[in-house]
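Trainee: I have a new structure open and I'm not sure how to read it. Could you walk me through a few features?

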Protein chains: 2
Amino acid sequence: MTRVFNFCAGPAALPTSVLERAQAELLDWQGRGLSVMEMSHRSDEFVSIAQQAEANLRTLLQIPANYKVLFMQGGASSQFAMVPLNLLGQGGTPNYIYSGIWAKKAMAEAKRYANQHVAASAEISQLTAMPSQADIQLSADAAYLHYTSNETIGGLRAPEVFQTPEQVPLVCDMSSDILSAPVDIEKFGIIYAGAQKNIGPAGLTLVIIRDDLLDQALEITPTMMQYKVMAENESMYNTPPTFAWYLAGLVFDWLLNDIGGLQVMAQINQRKAQKLYQAIDTSDFYTNPIQPAYRSIMNVPFQLADDALNARFLADAQEAGLLNLSGHRSVGGMRASIYNAVPETAVDALIDFMRDFEQRHA
Amino acid sequence: MTRVFNFCAGPAALPTSVLERAQAELLDWQGRGLSVMEMSHRSDEFVSIAQQAEANLRTLLQIPANYKVLFMQGGASSQFAMVPLNLLGQGGTPNYIYSGIWAKKAMAEAKRYANQHVAASAEISQLTAMPSQADIQLSADAAYLHYTSNETIGGLRAPEVFQTPEQVPLVCDMSSDILSAPVDIEKFGIIYAGAQKNIGPAGLTLVIIRDDLLDQALEITPTMMQYKVMAENESMYNTPPTFAWYLAGLVFDWLLNDIGGLQVMAQINQRKAQKLYQAIDTSDFYTNPIQPAYRSIMNVPFQLADDALNARFLADAQEAGLLNLSGHRSVGGMRASIYNAVPETAVDALIDFMRDFEQRHA
């Protein structure tokens with residue numbers, strides 16, 4: 001078996017050692033004679049798996065005790081509705097920072113429940129830079145401020161955490177850069193993230209929420225969408241996605257014990273991104289439009305000098321064992337997603353391939 | 001490795017051959033060099049997996065062309081809200097048949113969106129029999145009639161499909177007996193089922209919906225809860241739970257090609273249930289309270305003559321490789337869930353153990 005280098009934007013590459021462990025245990029978890037998939041979520045065995053996963057996540061992100069961690073379903077797209085449903089029970093205006101396609105989707109969903117205010121927009125820079133703190137103008141009665149820390153499609157990221165007045169919780173869609181570097185949880189009211197980039201397989205969604213925000217839901221909120229219900233039931237109000245939760249736990253364990261924590265992970269990620277952007281910037285053949293300070297560390301979109309070569313580039317890359325380099329269908333071009341589980345050797349191989357391709361076609 | 005006999009009510013046993021295939025392909029699906037978990041849901045590879053799963057399900061259940069199959073997240077508990085949210089857009093009164101704990105949960109959720117009418121109730125029989133067709137009294141403006149075909153906790157099932165006037169769609173929570181036997185899909189407006197009993201791992205929810213019911217949602221329905229959006233996007237409006245979908249596909253393949261379809265599966269299930277109920281009925285030591293015509297084929301609750309022996313029974317059973325026989329925490333006693341993937345040999349082993357335990361303790 002040869003494992004390829006997988007630059008998929010999500011569902012994304014998982015650490016090979018995590019998959020090997022899951023494979024070894026698939027029919028018989030620790031001599032119990034059954035798969036994790038076949039365990040009651042209320043069994044001692046699964047509860048220990050679930051608790052260990054949460055404990056390791058808390059260590060990795062240094063999550064304070066007054067924050068709950070929820071293991072949910074439905075992806076970030078469900079959170080786009082859950083955030084307004086859970087935070088607008090006492091009125092107020094949802095405030096959003098516009099930064100690209102994912103921010104727009106979150107905003108579209110909030111419109112269903114209240115008029116919203118755009119507190120800042122990356123449109124001024126034509127989506128090549130995030131708004132800065134000074135650009136933010138909150139509405140008078142802001143219920144919360146929502147932003148997207150990393151635009152997976154645009155390849156744009158917020159280099160720093162925004163600040164809000166104490167009564168305005170900061171809400172962040174961190175789907176595509178959570179766990180890529182340390183982050184100061186206390187600056188946030190809510191962080192949410194779909195699992196399928198840096199956490200585990202698709203079908204799991206992580207929510208980290210300050211506990212004073214748990215009880216502000218609109219009456220119309222379905223039980224399964226109420227953060228309070230999920231928190232009170234340790235994310236087991238109903239049957240959770242147990243196997244995805246277990247795999248996330250293996251990824252957290254890998255980050256903590258194999259990688260050595262988020263400081264180390266951040267250094268590796270910086271190095272990976274830096275050398276790829278440098279390869280792009282030192283070439284006349286490849287371009288990336290994002291202003292350097294706002295370039296994503298996780299998703300690197302780039303264009304070839306000639307769009308007519310795109311198909312050739314992708315076919316040759318695949319031949320070389322470099323998969324899923326096609327840009328999102330809405331923007332075209334190329335995109336290399338270099339999440340935590342994409343090793344530095346994959347980035348090196350990509351850069352070598354890009355240089356070679358350029359020499360053959362420039 | 002020794003695989004145990006697993007009588008868990010859910011997440012439940014999966015066919016060993018399905019797990020073996022998933023294990024073999026876990027790091028490298030069909031020579032592609034990556035796991036199914038690591039594939040883009042929009043890749044040719046995953047789309048073929050997804051479509052094959054749906055095609056096999058359509059064959060197994062003979063699903064007519066005017067029904068959509070949706071692969072969703074959130075479990076039946078999310079469907080409890082989605083059904084009223086998606087069907088009450090044109091007004092009307094939700095009608096429910098009460099048959100136990102799961103029906104009650106569905107009813108509680110509908111109350112959030114409209115006054116409801118209890119069209120029939122199993123309370124008359126103290127939950128030992130399902131209402132019959134003659135018991136059903138719909139309200140004048142019924143928007144739909146909802147029932148639970150199998151009460152997983154009570155061990156009570158509806159032996160026949162209820163009939164409704166043409167303008168009143170029949171909605172069924174089939175979580176714990178879907179695919180246990182053939183069913184006439186055309187009698188239903190909507191069937192839904194959490195995956196973790198007869199379909200696959202937890203984290204996937206199946207919805208089978210007649211296409212004229214897709215466009216009746218309340219305005220407040222979150223995008224991710226709109227059946228119409230899921231149908232229009234082939235269940236890929238956002239990233240679906242790809243690995244769970246793939247595993248469900250392996251289970252459908254097993255049912256179709258290893259078992260030989262739902263007629264054969266139904267015969268095996270009948271035989272399993274019949275011998276277990278017979279063992280209970282011919283003993284003075286074990287009892288099951290449900291009237292024979294309404295006994296579940298999937299979940300067999302039973303009590304010992306002396307509750308003080310429960311802990312001993314469970315410990316000895318575990319010792320004998322018979323796991324998860326404890327009744328639901330809300331009712332106590334024992335429960336053997338004998339879903340499709342629990343082999344007849346497991347039921348035989350349980351009956352032998354029960355006889356032996358009785359001889360030692362009666």
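Trainee: Let's start with A:Thr242: is it buried or exposed?

Mentor: This is a predicted model, so read every value as computed from it. To call a residue buried, we ask for a relative accessible area under 20%. A:Thr242 has 1%, so it counts as buried. You'll find A:Thr242 in helix 6 of chain A, residues 242-259.

Trainee: Which residues is A:Thr242 in contact with, leaving aside its neighbours within four places in sequence?

Mentor: In chain A they are A:Val36, A:His41 and A:Phe46. Chain B adds B:Pro11 and B:Ala202.

Trainee: Chain B turns up there. How do I read two copies of a chain?

Mentor: The general idea is that a rotation about an axis and a shift along it relate two copies of a chain. Here, a turn of 180° with a shift of 0.0 Å along the axis lays chain B on chain A, with an RMSD of 0.0 Å. The two copies are therefore related as by a two-fold rotation axis. Looking for the axis from chain B, go to B:Gln23: its C-alpha is the nearest to the axis in that chain, 2.7 Å from it.

Trainee: And through which surface do the copies meet?

Mentor: Through the same one, because 100% of the interface residues of chain B are also interface residues in chain A.

Trainee: What does UniProt place at A:Arg42?

Mentor: An unreviewed UniProt entry places a "binding site" feature there. In the model, A:Arg42 is in the loop between helix 1 (16-24) and helix 2 (44-61) of chain A. Its relative accessible area is 36%, so A:Arg42 is partly exposed. Leaving aside neighbours within four places in sequence, A:Arg42 is in contact with A:Val47, A:Met236, A:Tyr237 and B:Arg329.

Trainee: Now a helix. Which residues of helix 8 of chain A are buried?

Mentor: Start with the general idea: an α-helix has 3.6 residues a turn, so residues three or four places apart point the same way. In helix 8 of chain A (residues 310-319), the buried ones are A:Asn310, A:Phe313, A:Asp316 and A:Ala317. Looking down the axis of helix 8, you see these buried residues within an arc of 135°, so they line one face of the helix. On the other side, A:Ala311 and A:Glu319 are exposed.

Trainee: What do the buried residues of helix 8 of chain A pack against?

Mentor: Four strands and a helix of chain A: strand 11 (286-287), strand 12 (299-304), strand 13 (322-323), strand 14 (334-337) and helix 9 (344-361). Following helix 8 comes A:Gly321, which has a positive phi, near 80°.

Trainee: How many residues of strand 5 of chain A are buried?

Mentor: Seven of the seven, residues 142-148, so strand 5 is largely enclosed by the rest of the structure. Strand 5 runs parallel to strand 3 (residues 93-98) of chain A, and four bridges join them. One pair to find is A:Asn95 with its bridge partner A:Leu145. Strand 5 also pairs with strand 8 (residues 170-173) of chain A, again in the parallel sense and over four bridges. There, A:Thr148 stands opposite A:Asp173.

Trainee: Last one: what does chain A average in pLDDT?

Mentor: As a general idea, where pLDDT is low, the predicted coordinates should not be read in detail. Chain A averages 97, and 100% of its residues score at least 70. The model also has an ipTM of 0.97 and a pTM of 0.98.

Conventions:
Residues are numbered from 1 along each chain as its sequence is written. Chains are lettered from A and ligands numbered from 1 in the order in which they are written. This is a predicted model: local features need pLDDT of at least 70, side-chain atom pairs count only at pLDDT 80 or more; totals for chains, interfaces and linings use all residues. Side-chain values use heavy atoms; hydrogens and water are left out. Buried means under 20% relative accessible area, exposed over 50%, partly exposed in between (1.4 Å probe, protein chains only). Helices (H or I, at least four residues) and strands (E, at least two) are DSSP runs, numbered from the N terminus. Two strands pair if DSSP finds at least two bridges between them. The arc is that of the directions from the helix axis to the C-beta atoms. Contact means heavy atoms within 4.5 Å. pLDDT is the predictor's confidence in each residue, from 0 to 100. UniProt positions are given in the numbering used here, feature names are shortened, and annotations may be inferred rather than shown by experiment. Copies are superposed by least squares on the C-alpha atoms of residues with pLDDT of at least 70 in both.
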